[in-house]
Amino acid sequence: SDPKESYPAITPETWSLICHGRLAIGMTKTECKLAVGNPKEVEHGHNWDVLIDYWKYENGMFLVFIDDKLTEFKQ
């Protein structure tokens, strides 16, 4: 079946990135997992009223999320 049916909120532009294994600022955690897979390590934190997550991958890639949105990455 078409995975797009399971994620109707993902835009066509974001699906294009996912299909090519690419990331963009503003993507959700789910979209990032679809694009590059599950991280090796996840660290959780907070800064006053926002939640911050750091995802680390075996190949040195890292992703930073604030409140479920990708804000920084090194691919």
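**Leu-63 and its surroundings**

Leu-63 keeps plenty of company: leaving aside residues up to four places away in sequence, it touches Leu-23, Cys-32, Asp-53, Tyr-54, Trp-55, Tyr-57, Leu-70, Glu-72 and Phe-73. The model in which these contacts appear is a predicted one. Leu-63 also belongs to the largest nonpolar core, a set of 13 residues, where Leu-63, Leu-23 and Cys-32 touch the most other members. Several elements feed this core, with helix H1 (12-19), helix H2 (29-36) and E3 each supplying at least two of its residues. As a general matter, nonpolar side chains in soluble globular proteins tend to be buried together.

Cys-32, one of those well-connected core members, is buried, with a relative accessible area of 0%. What about disulfides? A search of the whole structure turns up 0 of them. Cys-19 is in no disulfide, and the nearest cysteine sulfur, that of Cys-32, is 14 Å away. Seen from the other end, Cys-32 is likewise in no disulfide, with the sulfur of Cys-19 as its nearest cysteine sulfur at 14 Å. Because a disulfide needs the two sulfur atoms within 2.5 Å, a separation of 14 Å rules this pair out. Cys-19 counts as exposed, at 58% relative accessibility, whereas Cys-32 is buried.

Turning to the aromatic residues, the whole structure holds 2 aromatic pairs. One of the possible examples to look at is Trp-55 with Phe-65, whose ring centres are 4.5 Å apart and whose planes meet at 55°, so the pair is tilted. The pair links distant parts of the chain, as Trp-55 lies in strand E2 and Phe-65 in strand E3 (residues 62-66), 10 residues apart. Trp-55 and Phe-65 are both buried. Phe-65 has a charged partner as well: the charged end of Lys-29 sits over its ring, 5.9 Å from the centre.

Lys-29 and Phe-65 turn up again around Asp-53, which touches Lys-29, Glu-43, His-44, Leu-63, Val-64 and Phe-65, not counting residues up to four places away in sequence. Asp-53 lies in strand E2 (residues 50-56). Is this acidic side chain's residue buried or exposed? At 8% relative accessibility, Asp-53 counts as buried, since the cut-off for that label is under 20%. The Asp-53 side chain is joined to that of His-44 by a polar contact of 2.5 Å.

The loop between E3 and strand E4 (69-74) is where Asp-67 is found, and Asp-68 lies in this loop too. Both have backbone angles worth a look. Phi of Asp-67 is near 50°, a positive value in a residue other than glycine, and phi of Asp-68, also positive in a residue other than glycine, is near 75°. Asp-67 is partly exposed, with a relative accessible area of 42%, and Asp-68 is partly exposed at 34%.

Asp-68 reaches back to a much earlier stretch of sequence. Its C-alpha is 8.8 Å from that of Gly-26, although Asp-68 and Gly-26 are 42 residues apart in sequence. Not counting residues up to four places away in sequence, Asp-68 touches Met-27, Thr-28 and Lys-29. With Lys-29, a polar atom of the Asp-68 side chain lies 3.4 Å from the backbone nitrogen. Lys-29 is thus placed between several partners: its backbone nitrogen faces the Asp-68 side chain at that distance, its charged end sits over the Phe-65 ring, and Asp-53 touches it.Met-27, one of the residues touched by Asp-68, is also touched by Thr-14, along with Glu-31, not counting residues up to four places away in sequence. Thr-14 is in helix H1. With a relative accessible area of 13%, Thr-14 is buried. The Thr-14 side chain makes a polar contact of 3.0 Å with the side chain of Thr-11.

How values were computed
Residues are numbered from 1 along each chain as its sequence is written. This is a predicted model: local features need pLDDT of at least 70, side-chain atom pairs count only at pLDDT 80 or more; totals for chains, interfaces and linings use all residues. Side-chain values use heavy atoms; hydrogens and water are left out. Buried means under 20% relative accessible area, exposed over 50%, partly exposed in between (1.4 Å probe, protein chains only). Helices (H or I, at least four residues) and strands (E, at least two) are DSSP runs, numbered from the N terminus. A polar contact is a pair of N or O atoms within 3.5 Å; within protein, one must be able to donate a hydrogen and the other to accept it, and residues adjacent in sequence count only if both atoms are side-chain atoms. Contact means heavy atoms within 4.5 Å. Rings of Phe, Tyr and Trp (its six-membered ring) pair if their centres lie within 6.5 Å; planes under 30 degrees apart count as stacked, over 60 as edge-to-face and the rest as tilted. A charge sits over a ring if NZ of Lys or CZ of Arg is within 6 Å of the ring centre and within 35 degrees of the ring normal. A nonpolar core is a set of buried Ala, Val, Leu, Ile, Met, Phe, Trp, Tyr and Cys residues joined through side-chain atoms within 4.5 Å.
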